[in-house]
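User: Hi! Could you walk me through this structure? I'm new to this, so plain words please.

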Amino acid sequence: LPRSAPEAQGIASADLTALVDALDAHGDPASADGVHSLVIVRHGHVVAEGWWAPYTAAHRHQLYSLSKSFTATAVGIAAAEGKLSADDPVLGFFPDEAPADPPANLRAMRVTDLLRMATGQQTEPPRAAGSSWVKQFLAHPVPFKPGTHFLYNTSATYMQSAVVQKATGLTLLDYLGPRLFAQLAIEGATWEESPEGISTGGFGLSIRTGDIASFGQLLLDRGQWRGRQLVPAEWIDAATSRQVANGSNPDSDWDQGYGYQFWRCRHGAFRGDGAFGQFCVVLPQEDAVVAITAGTRDMQGILTILWRHLLPALRAAPLPPDDAGNARLRERLAALAVPRPGAGAPPAALVGKTFRFPDNAAGIESLRLEPTRGEGDAAAHLVLASAGGEQRIPLGTDRFVASSVAWGGKPPEPAAVALGREGEECVVRICFVE
């Protein structure tokens, strides 16, 4: 997407600085609860973008349930290609996984019911490890007539992924690769898979913040990208409109109606979102898109900040240039950072001492601090022992140091690690930046 000074797109740089200040203050710094990145697009131009170090523009970020909006988009593309229809019965795709005597409500369930989170199920079907998630879904009770009962249901999104794979012979990741990701210059996308080798659909997609912004612009332009219609406009209109009621609280952005894996918002907006604050917010009336990644438990708080600070700042006409204000905004964005522990070397009594732990969920057996041996930017090292072996993790005292850390029995993941001293306590903060 092209870049522009905010004023040229009808936004004062000072107003965007105030928005960034509000987002920076959101959350609990002591627990690293906060925003990780922000991209704002107006009239098709990026007017502000920033990452809270050690998060960067190059890092992919787990989207959690924002993945659902990409899954529904894949269904729309497959429908346009004639591979499936939103009115197709779900059971028709899975004759070998269906129960012996499917109940009437299950037989009546259509793809559109999966899209609207209105499958007729009262509880979400399990996705037990080592078992077929499709069979578990189809075996789950369907007490309500499909289409009449809203239930936020990640297993229903997984079934959309399974439908696309049955209809096209490709996983969601492979199917969207040339049709969407390559067109939007989304590179290096990854998507987790189920035990059956099916993209998880309802979660598991990882892309960059700029990629989220491009997806939002595609939605804003009703499926068109640089003169090409990648997704039918009618599908985007249906997917982002209110398909089912899901509450009545006028002050909640979770009670404004649900589309095809998109939430309706207040102020005429719609969004895809994921746990801990992964957002693709589209404001059609204002010709604007906001992409955010975060690690917060107060997602409504982030949306409220947008309504308070961004909405009033969006003017219909360009504003006079403000070079000084724009420079201050850029400086503010460049200085964003996740809070580090207090500066200082670890207490001497802790260095070289081994701490052993009883059984724990993280699988840590012991740790110790060691002085650096002149390796790179590290000021010290954390030696972490677990069932998977011993890791020697570099630490920075005045900065986060890039590393790769295995945690909780998982393979090593990109991380940034900082060491600090708070009184006689030594604090190590690990940010898993993807």
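**Pockets, helices and a sheet**

Analyst: Happy to! The second largest pocket holds about 210 Å³ of space. A pocket is an open set of points on a 1 Å grid over the protein atoms alone, where a 1.4 Å probe fits and protein lies on both sides within 12 Å along at least five of seven lines. A volume is the space filled by probe spheres set on the points, which are joined across faces, edges and corners. This is a predicted model: local features need pLDDT of at least 70, side-chain atom pairs count only at pLDDT 80 or more, and totals for chains, interfaces and linings use all residues. Residues are numbered from 1 along each chain as its sequence is written, and side-chain values use heavy atoms, leaving out hydrogens and water.

User: Which residues lie nearest the centre of the second largest pocket?

Analyst: Leu1, Arg3, Gly210, Asp211 and Ser214, out of 17 that line the pocket; lining residues have an atom within 4 Å of a point. Helix α8 gives the most to this lining, with four residues. Helices (DSSP runs of H or I, at least four residues) and strands (runs of E, at least two) are numbered from the N terminus.

User: And what is the volume of the largest pocket?

Analyst: About 1,200 Å³. It has 43 lining residues, and the closest to its centre are His36, Tyr55, Tyr64, Cys431 and Phe432. Strand β18 gives the most to that lining, with four residues.

User: New topic: at what angle do α2 and α7 cross?

Analyst: The axes of α2 (residues 67-80) and α7 (residues 172-181) cross at roughly 75° and come within 10 Å. Axes are lines fitted to C-alpha atoms, for helices over the stretch in contact, with angles from 0 to 180 degrees between N-to-C directions. The two helices are therefore roughly perpendicular, a label for 65 to 115 degrees; under 35 is roughly parallel, over 145 roughly antiparallel and the rest oblique.

User: Which residues make the contact?

Analyst: Among them are Phe70 and Ile77 of α2, and Leu172 and Tyr175 of α7. Contact means heavy atoms within 4.5 Å.

User: Last one: what is the strand order in the open sheet of three?

Analyst: The order is β16-β17-β18, with antiparallel pairing. Two strands pair if DSSP finds at least two bridges between them. The edge strands, β16 and β18, each pair on one side only. Five bridges join β16 to β17, and Ser403 stands opposite Ala415 in β17.
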